[in-house]
Amino acid sequence: NHVVAKALHEIERNPTCPRVGDIAARCHVSPRHLNRLMRIWVGYGPKHLARVVRFQTALEQIEQSPTQSGAALASNAGYFDQSHLTSDLARFAGATPGHLASRCVADFSKTRCDGPL
């Protein structure tokens, strides 16, 4: 589906804080229709998918530079602030940034889609 492919590209390009309405407008569909298409073709709505992409970016950042501060990590991974980063890491990985940095995040990184979305 070309609408879903365009939406995936938009989310991958800018996962920081996507507004579903903005993505839908770029795809020339309504936000409700985009959400429905994304759930059918991807399994997630656009907002949740953007959270997963940010989470994967954070894991990559932790693996590349485990000593960076939580605030720097949040900024580099596209989070609004450190508390949002910590919340997503706890939800998806069950750990804090410090805990992940002190251990290998390779197990989580194996799930990353390295190709284009």
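**View 1. The buried face of helix 3.** Helix 3 tucks away Leu34, Leu37 and Met38 as its buried residues (buried is under 20% relative accessible area, exposed is over 50%, and partly exposed is in between, with a 1.4 Å probe and protein chains only). Seen down the helix axis, these buried residues fall within an arc of 100 degrees, so they line one face of helix 3; the arc is taken from the directions from the helix axis to the C-beta atoms. Their cover includes helix 1 (2-13), helix 2 (20-27) and helix 4 (46-64), where contact means heavy atoms within 4.5 Å. Helices here are DSSP runs (H or I, at least four residues), strands are runs of E with at least two, and both are numbered from the N terminus. A word on the model: it is predicted, so local features need pLDDT of at least 70 and side-chain atom pairs count only at pLDDT 80 or more, while totals for chains, interfaces and linings use all residues. Residues are numbered from 1 along each chain as its sequence is written, and side-chain values use heavy atoms, with hydrogens and water left out.

**View 2. The other side of helix 3, and what follows.** Turn to the other side of helix 3 and you meet Arg32, Arg39 and Ile40, which are exposed. Ile40 belongs to helix 3 (residues 31-41) and has a relative accessible area of 62%, so it counts as exposed. After helix 3 comes Gly43, with a positive phi near 100 degrees.

**View 3. A nonpolar patch on the surface.** Ile40 shows up again here, joined by Trp41, Val42 and Tyr44 in a nonpolar surface patch with about 420 Å² of accessible area together. Patches are built from residues with over 30% relative accessible area and no salt bridge, joining like charges within 9 Å and nonpolar side chains (Val, Leu, Ile, Met, Phe, Trp, Tyr) within 5 Å. The areas come from the Shrake-Rupley method with a 1.4 Å probe, and for residues only the protein chains shown count as cover.

**View 4. Glu10 and its charged partners.** Which helix holds Glu10? Glu10 sits in helix 1, and at a relative accessible area of 6% it is buried. Its side chain meets that of Lys6 in a salt bridge (3.6 Å, N to O), a term that needs a side-chain nitrogen of Lys or Arg within 4 Å of a carboxyl oxygen of Asp or Glu. Both Glu10 and Lys6 lie in helix 1, 4 residues apart, about one turn of the helix. Lys6 is partly exposed, with a relative accessible area of 35%. As a general point, side chains of opposite charge can pair when their charged atoms come close.

**View 5. From helix 1 across to helix 2.** The side chain of Arg26 also meets that of Glu10 in a salt bridge (3.3 Å, N to O). This pair links distant parts of the chain, with Arg26 in helix 2 and Glu10 in helix 1, 16 residues apart. Arg26 counts as partly exposed, at 38% relative accessibility. The two side chains make a polar contact as well (3.3 Å); that means a pair of N or O atoms within 3.5 Å, where within protein one must be able to donate a hydrogen and the other to accept it, and residues adjacent in sequence count only if both atoms are side-chain atoms. Leaving out residues up to four places away in sequence, Glu10 touches Ile23 and Arg26.

**View 6. A salt bridge between helix 6 and helix 4.** Asp88 and Arg51 pair through their side chains in a salt bridge (2.4 Å, N to O). The pair links distant parts of the chain: Asp88 is in helix 6 (residues 82-93) and Arg51 is in helix 4, 37 residues apart. Is Asp88 buried or exposed? Asp88 is buried, with a relative accessible area of 4%. Elsewhere, salt bridges with shared partners join Lys6, Glu10, Arg13 and Arg26 into one network, and the structure holds 5 salt bridges.

**View 7. His28 in its loop.** His28 has a positive phi, near 65 degrees, in a residue other than glycine. You'll find His28 in the loop between helix 2 and helix 3, where it is exposed, with a relative accessible area of 73%.
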